[in-house]
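Let's take a friendly walk through this protein model, one region at a time. Keep the viewer open as you read.

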Amino acid sequence: MNVEVTLLPGIGVRKDFALASGRRIGVITRKDGANELIVSRKDDPDATQASITLSNEEAAALGNLLGSPQLIAQLGEEHRDLPGINTRQLPVREGSRFDGRPLGDTGMRTKTGVSIVAVMRAGQVQPSPTPGFTLVAGDLLVAVGTADGLDAAARILAGA
């Protein structure tokens, strides 16, 4: 995928790429820190059909929504031939008792046998987080384990 980066003097930076349909989709990162999701018109890839301004928190959430399915699919494919091994996303929700606390405080590996192989945060992947990795609300933990272990891990994060 070829992402084009265009400097927009006085505005910021536009990063976009062509879709199979011929439209372009991308993000304008403004100098004031705002993010704008843009979609081009089908008949003119240089003209914007739609734009949505996103706060940094909204942009991070969108990045997690778009990035984590790819990571999960890749891990699922790698574990395809291992019966009983599953991959799941586990969210750290707003108000979680683990918000601001180290991953090790969950006791997840010891209590469930589940391994946290990555954390998705603000559209970025933190691979192989250590027990000292600090969790924050909005994180998506990418977990690998048995179905029962993953269910137990989800209950731990939910505070049940």
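## A buried asparagine in the sheet

Asn 35 lies in strand S4. This is a predicted model, so every value here is computed from predicted coordinates. With a relative accessible area of 11%, Asn 35 is buried, because anything under 20% falls in that class.

What does Asn 35 touch, once residues up to four places away in sequence are set aside? Its partners are Val 27, Ile 28, Thr 29, Ile 52, Thr 53, Leu 54, Ser 55, Asn 56 and Ala 59.

## The sheet around it

Strand S4 belongs to an open sheet of 5 strands, arranged in the order S1-S2-S3-S4-S5 with antiparallel pairing. Strand S1 (4-8) and strand S5 (48-54) form the edges, each pairing on one side only. On average, neighbouring strands of this sheet are turned by 20° against each other, with direction ignored. As background, strands of a sheet pair through backbone hydrogen bonds, in either a parallel or an antiparallel manner.

Strand S4 covers residues 35-40 and pairs with S5 in the antiparallel sense over 6 bridges. Two places are handy for finding the register in your viewer: Ser 40 is opposite Thr 48 in S5, and Val 39 is opposite Ala 50 in S5.

Strand S3 (residues 24-30) is also joined to S4, through 5 bridges, and the two run antiparallel. Here Ile 28 sits opposite Glu 36 in S4. The hairpin of S3 and S4 has 4 residues between the strands, and Gly 33 adopts a positive phi near 95° there.

## A buried arginine

Now move along to strand S2 (residues 12-18), where you will find Arg 14. Is Arg 14 buried or exposed? Arg 14 counts as buried, since its relative accessibility is 16% and the limit for that class is under 20%.

The side chain of Arg 14 makes a polar contact of 2.9 Å with the side chain of Asp 16. Leaving out neighbours within four places in sequence, Arg 14 is in contact with Glu 4, Val 5, Thr 6, Leu 8, Val 27, Ile 28, Ile 38 and Pro 45. Ile 28 is thus a name to remember: it is among the contacts of Arg 14 and also among those of Asn 35.

## The largest nonpolar core

Further along the chain, the largest nonpolar core has 16 residues, of which Leu 90, Met 108, Ile 116, Leu 135, Leu 141 and Leu 157 touch the most other members. Strand S7 (115-121), strand S9 (140-145) and helix H3 (147-158) are the elements that give two or more residues to this core. Helix H3 gives the most, with 4 residues. In soluble globular proteins, nonpolar side chains tend to be buried together.

Leu 141 is a good place to centre your view. Apart from neighbours within four places in sequence, Leu 141 is in contact with Arg 88, Gln 89, Leu 90, Val 92, Leu 103, Met 108, Ile 116, Ala 118, Val 119, Leu 135 and Leu 157.

## A pair of glycines

The last stop is Gly 113, in the loop between helix H2 (108-112) and S7. Gly 113 counts as partly exposed, at 39% relative accessibility. How far apart are the C-alpha atoms of Gly 113 and Gly 145? They are separated by 6.7 Å, although the two residues are 32 residues apart along the chain.

Definitions and conventions:
Residues are numbered from 1 along each chain as its sequence is written. This is a predicted model: local features need pLDDT of at least 70, side-chain atom pairs count only at pLDDT 80 or more; totals for chains, interfaces and linings use all residues. Side-chain values use heavy atoms; hydrogens and water are left out. Two strands pair if DSSP finds at least two bridges between them. Axes are lines fitted to C-alpha atoms, for helices over the stretch in contact, and angles run from 0 to 180 degrees between N-to-C directions. Buried means under 20% relative accessible area, exposed over 50%, partly exposed in between (1.4 Å probe, protein chains only). A polar contact is a pair of N or O atoms within 3.5 Å; within protein, one must be able to donate a hydrogen and the other to accept it, and residues adjacent in sequence count only if both atoms are side-chain atoms. Contact means heavy atoms within 4.5 Å. A nonpolar core is a set of buried Ala, Val, Leu, Ile, Met, Phe, Trp, Tyr and Cys residues joined through side-chain atoms within 4.5 Å.
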